[in-house]
Amino acid sequence: MKTMLKIYGRRDSSNCAKAFWALDELGVGYELIACGGRFGGTDAIDYRAFNPHGKVPTVVDDGAVVWESNAVLRYLGNRYGKGTIWPPDAAGRASADQWMDWGATAFVPAMGKIRTALKAEDAAAAEAALKALTAHAALLNRHFQANDYLAGPSLTLADIALAPAVHRWFLVPLARPDLPSLAAYRERLAGRDGYRRHVAEALS
């Protein structure tokens, strides 16, 4: 008998938010085991046994153990979502994959740098980080001038993966350029219950 999928994580983690939203979109029930941040537990021997990096989220599903948030998304898409939020064809998946990888290596790290600088109240570092982040946001704005979503006409895992950083772009408390197509994209995301619940209402 298949046991309920378990996810170790916390509601205020951007990486966990992606998994929660994907599970909602797929209609997959899960048991949340509070872990990481104020909950601790990521340094425990039993946790490190299945996630050596001590990060969240980690998904345990019928014997499979998956960590790293984008790997979690791909696992969920392959197991539960082909033809829905995970394209059924190789070209469609590659389109989603490239945006997921770009987000993980460009937009998200740039967002992390500016958040770190703002927390440290380092104005010079924040302005420098904003310059790089703005270039990435402007690229997204150009993309959404001709596309409703990252990998085509409908929502995919690529959008779920990038959503927390897009949400946080609009929270940066510094002067930012007006990017109307990116703003319109965020409004499209806000039409999804999962985005509102797990991103907009959970992440600061």
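Which helices and which strand do the buried residues of H8 pack against? I started my notebook there, keeping in mind that this is a predicted model.

**Entry 1: helix H8.** I looked up H8, residues 193–200, and found its buried residues to be Gly194, Tyr195, His198 and Val199. They sit on the same side of H8, because they cover an arc of only 100° around the axis. A reminder to myself: an α-helix has 3.6 residues a turn, so residues three or four places apart point the same way. As for my opening question, the buried residues of H8 pack against helices H1 (14–26), H6 (157–169) and H7 (180–189), and against strand S2 (30–34).

**Entry 2: the largest pocket.** Next I checked the volume of the largest pocket, which is about 910 Å³. It is lined by 36 residues, and the closest to its centre are Ser14, Asn15, Val108, Arg115 and Arg168. I then asked which elements give two or more residues to this lining, and noted H1, H3 (69–80), H4 (90–119) and H6. H4 provides the largest share, with 11 residues. Sorting the lining by class, I got 18 nonpolar, 10 polar and eight charged residues.

**Entry 3: cysteines.** How many disulfides does the structure hold? I found zero. Cys16 is in no disulfide, and its nearest cysteine sulfur belongs to Cys35. The two sulfurs are 8.5 Å apart, too far for a bond, since a disulfide needs them within 2.5 Å. I also looked up whether each side is buried or exposed: Cys16 counts as buried because its relative accessibility is 0%, and Cys35 is buried too, with a relative accessible area of 4%.

Technical notes: Residues numbered from 1 in each chain as written. Predicted model: local features only at pLDDT ≥ 70, side-chain atom pairs only at ≥ 80, totals over all residues. Heavy atoms only, no water. Buried < 20%, exposed > 50% of the residue type's maximum accessible area, 1.4 Å probe, protein only. Helix = DSSP H or I, 4+ residues; strand = E, 2+ residues; numbered from the N terminus. Arc of directions from axis to C-beta. Contact = heavy atoms within 4.5 Å. 1 Å grid on protein atoms, 1.4 Å probe; cavity = no way out; pocket = protein on both sides within 12 Å on 5 of 7 lines; lining within 4 Å. Points joined across faces, edges and corners; volume = space filled by probe spheres on them. Nonpolar A, V, L, I, M, F, W, Y, C, P; charged D, E, K, R; others polar.
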